Amino acid sequence: MMLEVSGLRAFYGQNQALHGLDFALAEGSIVTLLGANGAGKTTTLRALCGMVRMSGEIRFDGKPIAGRATEDIVRLGIAHVPEARGTFVRMTVEENLRLGAMTRRDRGAIAADLDQVYAEFPRLRERRQQQAGTLSGGEQQMLAVGRALMLRPRLMLLDEPSFGLAPLVVEELFENLRRLNRERHVGMLIVEQNAALALDLAEHAYLLETGRIVMAGPAQEIGKDEGVRRSYLGY
Amino acid sequence: MELLLQQLMAGLATGAIYAAMALAVVMIYQAIDHLNFAQGEMAMFSTFLAWQMIQWGQPYWVAFIGAVVLSFLGGIAIERVLFKPIRNAPILSQLVAFIALYGILNSSAGEIWDFTIKTFPTPFGSAPLFGQNLISTHQAGMIGVTLAMLVLLYFFFRGSRLGLAMRAAAANPDSARLVGIRVGWMLALGWGMSAAVGAVAGMLIAPVVFLEPNMMLGVLLYGFAGAVLGGLSSPGGAVAGGFAVGVIENLAGTFIPYVGRELKLTIALVLIVAVLMVRPSGVFGRAVVSRV
């Protein structure tokens, strides 16, 4: 297993947001966390990156990473695409992408990866010298994914990648994610409100309710479950 | 015409002082998103270090480089010891820490070196430049060094990875951590660099205003005015702003009868307020454009 989590608890001040989660992600697979607002999906991703106070065990490639500093966890190859996209608004698109490769030293490969990101997201190439804050929501989401790719991640944590995007843009983005997973074997842990979309992409799914996992299984089966369909898929 | 030209050149010369200080102000602002009210005292302290080394018989340039290096390390130490523990404290607490630092540096300089005025040497000499009497070689040197520092900093921040990382850490610490930048050390580095720039500014200013613990009081105010005028987000703008403040101060003092020498300092404050009303991000500052 690339990522193994057991007994994960997280706290905001006195409030406990996660009550002992156990889940895992196999090398190069896609896993989705589903749940309503406030179920603890974003908190889970933030806990994995050491961005909230937490306890429990997290193993990446068998090595414990719980309690380590965010920047050290990132250096292991875990790229977090945060909810608000984390754009450096005052910098250019290209500077944003270069920042993604900040932990790497291989100049030539960085340049090649930059070209590849531009090839995958041609819109970003057109706007490379533009202030990133002026991009549309969809473009900023692509920039966030592109920035994460510049790390050459082994695992991507994607927080609501479809949030606020037009349906066509979402489709394009998920197609890109699917391709990245297939061609580069990047593992992905995706948090989504759009359950149908996430279940279609993922192999495995976990359902969260108020900080606990209430259901787990292959994405296809979860998608067929009567209760899940009614609560999260709307048919 | 002769008088105007003379006042213009004199304005540029004093402007170079403010520009050097404004540059240090913007440096720290870029790194920590706050103004450092102790910036002037830090520069003063650095200048005393250089003075002490010269007193001990070191050549000027050894003392100069020694003071810059010590200030760089001292700036890092101040961040690590004083500001790292209170980084998440409310802005007002941090402000109080800045003022405390101001007091500490000011009184310890007074304690160590006392409050008598000392002369500080200039490496450029103080003869008139090219035989005219508009500007001296020291003033010309001051303008040159300030512009050289600006160019160096520009290439550092725009062209180097470290510069990019520092800007990212200042603009958006959370996102910076998520791309693996060690934000804490970037802040410390920003403090170190701004202390070093301040040291250079202090050593350029000291031959003009004389060395004593309160030498930076007015200068820092003008430096702030220059930085605000040019835009706190733009080192080039801050330098231009510093020069502009120097020129405006001199012209107003000479040509507006009411201002004279007494109200010259007021000009700096009026400028700060006026610019903030018309263009909050400064003349050359970049407003943040964002779409939601």
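Mentor: A residue is buried if 20 or more other C-beta atoms lie within 10 Å of its own, exposed if 12 or fewer, and partly exposed in between, with C-beta atoms placed from the backbone. This is a predicted model: local features need pLDDT of at least 70, side-chain atom pairs count only at pLDDT 80 or more, and totals for chains, interfaces and linings use all residues. Residues are numbered from 1 along each chain as its sequence is written, and chains are lettered from A and ligands numbered from 1 in the order in which they are written.

Trainee: Why is Ser107(B) called exposed?

Mentor: Ser107(B) has 12 other C-beta atoms within 10 Å. Exposed means 12 or fewer, so the label holds. Ser107(B) sits in helix H4 (residues 91-113) of chain B; helices (H or I, at least four residues) and strands (E, at least two) are DSSP runs, numbered from the N terminus.

Trainee: Why is Asp114(B) exposed?

Mentor: Its count is 10 other C-beta atoms within 10 Å, so Asp114(B) meets the exposed limit. Asp114(B) lies in the loop between H4 and H5 of chain B. Its phi is near 55 degrees, a positive value in a residue other than glycine. Most residues other than glycine have a negative phi.

Trainee: What makes Arg152(A) partly exposed?

Mentor: Arg152(A) has 18 C-beta neighbours inside 10 Å. That falls between the two limits, so partly exposed is right.

Trainee: How do you know that the span of helix H5 of chain B agrees with the expected one?

Mentor: The expected span is 1.5 Å times one less than the number of residues. For the 23 residues of H5 (residues 137-159), that gives 33 Å; the end C-alpha atoms are 32 Å apart, so the two agree.
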